[in-house]
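Welcome! Below is a structure to explore together, through questions about what its terms mean and how each label is earned.

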Amino acid sequence: MAVDSAATAAIGKAGAAFRTIGELSRDTGLPQHILRYWETRFSQLRPLQRAGNRRYYRTEDVALVRRIDLLLNREGYTVRGVQQLLAAETAGSSSDATVGSPIPALRAIRTLLAQALLEDAAVA
């Protein structure tokens with residue numbers, strides 16, 4: 001019996017296969033209760049729910065969970081900040097095309113500030 005489960009774990013699932021909350025939790029390293037919490041905070045994250053409220057995450061859901069994790073836990077966004085970012089993206093790309101994204105300009109400013117700090121530290 002242990003051989004069958006080991007073989008299944010070694011094979012893995014196809015990229016387009018649905019993931020249960022347990023599988024997604026193992027893949028991302030995020031606790032299941034955090035994934036459930038995110039479902040209440042991010043309207044874009046809506047896995048399929050079958051009988052008994054068993055969750056099945058689609059490929060798009062998995063990508064969104066990874067993106068939320070990146071923004072919250074690695075880039076330092078707040079939950080509210082990620083909500084606003086996702087809402088702005090779903091509001092329509094037509095406004096982005098006319099106005100343009102401020103992200104490249106902000107990154108350039110951050111780079112200039114980092115360089116100035118390094119130069120200042122070298123002088124002192």
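Q: What pattern does the protein chain follow, read along the sequence?
A: The pattern is α-β-α-α-β-β-α-α-α-α. In total, the chain has seven helices and three strands. Both kinds of element are DSSP runs numbered from the N terminus: helices are H or I with at least four residues, and strands are E with at least two.

Q: What should a newcomer know about the model and its numbering?
A: This is a predicted model, in which local features need pLDDT of at least 70 and side-chain atom pairs count only at pLDDT 80 or more, while totals for chains, interfaces and linings use all residues. Residues are numbered from 1 along each chain as its sequence is written, and side-chain values use heavy atoms, with hydrogens and water left out.

Q: What makes β1 and β2 edge strands?
A: The three strands form an open sheet in the order β1-β3-β2, with antiparallel pairing. β1 (19-20) and β2 (48-49) each have a single partner strand, so one side of each is left without a neighbour in the sheet.

Q: How do you know that β1 and β3 pair?
A: Two strands pair if DSSP finds at least two bridges between them. Two bridges join β1 to β3 (residues 55-57), so the definition is met. These two strands run antiparallel, and Thr20 stands opposite Tyr56 in β3.

Q: Why is Leu24 called buried or exposed?
A: Buried means under 20% relative accessible area, exposed means over 50%, and partly exposed lies in between (1.4 Å probe, protein chains only). Leu24 has a relative accessible area of 0%, so this residue is buried. Leu24 is found in helix α2. Across the chain, buried residues make up 24% of the 124 residues.

Q: What does Leu24 touch, leaving aside its neighbours within four places in sequence?
A: Contact means heavy atoms within 4.5 Å. By that rule, Leu24 is in contact with Leu35, Tyr57, Val62 and Val65. Leu24 and Tyr57 are 33 residues apart in sequence, and their C-alpha atoms are 7.8 Å apart in space. For the chain as a whole, among contacts between residues at least 6 apart in sequence, 45% join residues at least 24 apart.

Q: What makes a group of residues a nonpolar core?
A: A nonpolar core is a set of buried Ala, Val, Leu, Ile, Met, Phe, Trp, Tyr and Cys residues joined through side-chain atoms within 4.5 Å. The largest such core here has 16 residues, and those with the most contacts inside it are Leu35, Trp38, Phe42 and Ile68. Helices α2 (21-28), α3 (32-41), α4 and α5 each supply at least two residues of this core, and α4 gives the most, with six. In soluble globular proteins, nonpolar side chains tend to be buried together.

Q: Why do Asp61 and Glu39 count as buried?
A: Asp61 has 3% relative accessibility, so this residue counts as buried. Glu39, at 5%, also counts as buried. Asp61 has its place in helix α4, and Glu39 in helix α3. Not counting residues up to four places away in sequence, Glu39 touches Leu45, Arg46, Pro47, Gln49, Arg55 and Tyr57. With the same kind of neighbours left aside, Asp61 is in contact with Leu45, Arg46, Pro47 and Tyr56.

Q: Why is Asn53 called exposed, and Tyr77 partly exposed?
A: Asn53 is at 52% relative accessibility, so the residue counts as exposed. Tyr77 has 31%, so the label is partly exposed. Asn53 sits in the loop between β2 and β3, whereas Tyr77 lies in the loop between α4 and α5.

Q: What makes a space a pocket, and what lines the largest pocket?
A: On a 1 Å grid over the protein atoms alone, a pocket is an open set of points with protein on both sides within 12 Å along at least five of seven lines, and lining residues have an atom within 4 Å of a point. The largest pocket is lined by 15 residues, of which Tyr77, Leu85, Ser101, Ile103 and Arg107 lie nearest its centre. The largest share of the lining, four residues, comes from α7.

Notes. 1 Å grid on protein atoms, 1.4 Å probe; cavity = no way out; pocket = protein on both sides within 12 Å on 5 of 7 lines; lining within 4 Å.
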